[in-house]
Amino acid sequence: MYQEIKPRRVADEIMEQLQRMILDGMLKTGQRLPPERELAEQFGVSRPSVREAIQKLAAKGLLTSRQGGGNYVAEQLGNSFYDPLITLLEQQQGVHFDLLEFRHTIETATAFYAAQRGTDADRENITRAYDRLMATYQEQDQAKEAAADAAFHLAIAEAAHNVVFYHTMKGLFDLLKRNVITNLGGLYTRHETRDKIMAQHEKIYQAIMARDEAAARSASSNHMRFVEDTLMELEEEKRRQARAELRLKLLVNDEG
């Protein structure tokens, strides 16, 4: 009836803590770990135990060593699965609408849970991301704005305290940045949309700061619906313009 309880190695305990920190996003891809000596002091263990834990994590592909010293969280974590989507987005027109639908679903959920579960530290992190986003509006640089926009939404996903949401959003980060650039290039052909998007981001931010989960979900949903509807209108305008130009070309050819 009873199973023998085996004592756990110190290295395994260290490995589990580091794994959890990676999973929770406390240690991010590409981030350098403290030196072994410092980790040993923080964990209150010997350096050989820390070294063994790091070697096990490296064997799992979670950590890498770089020339010149230092151990880093692997860069490719959470990215490779989505590489085909990035290629598809770049090569096929209209695929970004599929991503918008996905964003609508997941970001309304993360905004809800961020308002409900976010800690003071989470709200400070979101505030920093929001302030950076607001600053990019003044620079008129689409690439910087896209990165800041994506970082704002990722900060919200972190505050949701759901590792599946977080790593899904993180894995889509490059795709999200490209999608935002695609969106901005179309949306900002209409100057009046810029102020509306800024106001929508502010409503999402204020609702999360107020810990009003229903308002956060509603604000996020309204924002994504506005982006989807506006881009669909722009696509329809392009199609009408193309048809009109084709008719004109045919008419000129007939007259010639």
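**Exercise 1. Asn-71 and its surroundings**

Task: In this predicted model, determine which side chain makes a polar contact with the side chain of Asn-71, and decide whether Asn-71 is buried or exposed.

Solution: Begin with the side chain of Asn-71, which makes a polar contact with the side chain of Ser-65 at 3.0 Å. Next, place the residue in its element: Asn-71 belongs to strand β2, which covers residues 71-73. Then consider its neighbours, leaving aside residues up to four places away in sequence; Asn-71 touches Gln-31, Arg-32, Leu-33, Ile-54, Thr-64 and Ser-65. Finally, turn to accessibility: the relative accessible area of Asn-71 is 16%, and since buried means under 20%, Asn-71 counts as buried.

**Exercise 2. Helices α1 and α3**

Task: State how the axes of helix α1 and helix α3 cross, and which residues meet in the contact.

Solution: Helix α1 spans residues 10-23 and helix α3 spans residues 47-59, and their axes come within 8 Å and cross at roughly 55°. Because this angle falls outside the ranges for roughly parallel, roughly perpendicular and roughly antiparallel, α1 and α3 are oblique to each other. The crossing in which α1 passes α3 is right-handed. On the α1 side the contact involves Val-10, Ala-11, Asp-12, Ile-14, Met-15, Leu-18 and Gln-19, and these meet Ser-49, Val-50, Glu-52, Ala-53, Lys-56 and Leu-57 of α3. Sorted by class, the residues of the contact of α1 with α3 comprise eight nonpolar, two polar and three charged.

**Exercise 3. Helices α2 and α3**

Task: Describe the arrangement of helix α2 and α3, and give the classes of the residues in their contact.

Solution: The axes of helix α2 (residues 36-43) and α3 come within 9 Å, and they cross at roughly 110°. As angles of 65 to 115 degrees count as roughly perpendicular, α2 is roughly perpendicular to α3. In this contact Glu-36, Arg-37, Leu-39 and Ala-40 of α2 meet Arg-47, Val-50, Arg-51 and Ile-54 of α3. The classes in the contact of α2 with α3 are four nonpolar, no polar and four charged residues.

**Exercise 4. Helices α6 and α7**

Task: Work out how helix α6 and helix α7 are oriented to each other, and what handedness their crossing has.

Solution: Helix α6 (residues 120-139) packs with helix α7 (residues 142-159) at an angle of about 165°, and their axes lie 9 Å apart. An angle over 145 counts as roughly antiparallel, and α6 and α7 are therefore roughly antiparallel to each other. The crossing of α6 and α7 is left-handed. Among the residues that make the contact are Ile-126, Ala-129, Tyr-130 and Leu-133 of α6, together with Ala-148, Ala-151, Phe-152 and Ala-155 of α7. By class, the contact of α6 with α7 holds eleven nonpolar, two polar and seven charged residues.

**Exercise 5. Gln-206 and the whole chain**

Task: Locate Gln-206, and then state how many helices and strands the chain has.

Solution: Gln-206 is found in helix α10, residues 191-209, and with a relative accessible area of 41% Gln-206 is partly exposed. Although Gln-206 and Ala-216 are ten residues apart in sequence, the distance between them is 8.1 Å from C-alpha to C-alpha. For the chain, the count is eleven helices and two strands, in the order α-α-α-β-β-α-α-α-α-α-α-α-α from the N terminus on. Of its 256 residues, 42% count as buried. Among contacts between residues at least 6 apart in sequence, 75% join residues at least 24 apart.

How values were computed
Residues numbered from 1 in each chain as written. Predicted model: local features only at pLDDT ≥ 70, side-chain atom pairs only at ≥ 80, totals over all residues. Heavy atoms only, no water. Helix = DSSP H or I, 4+ residues; strand = E, 2+ residues; numbered from the N terminus. Buried < 20%, exposed > 50% of the residue type's maximum accessible area, 1.4 Å probe, protein only. Polar contact = N/O pair within 3.5 Å; in protein donor to acceptor, adjacent residues only side chain to side chain. Contact = heavy atoms within 4.5 Å. Axes fitted to C-alpha atoms, helices over the stretch in contact; angles between N-to-C directions. Parallel < 35°, antiparallel > 145°, perpendicular 65-115°, else oblique. Left-handed = near helix turned anticlockwise from the far one by under 90°. Nonpolar A, V, L, I, M, F, W, Y, C, P; charged D, E, K, R; others polar.
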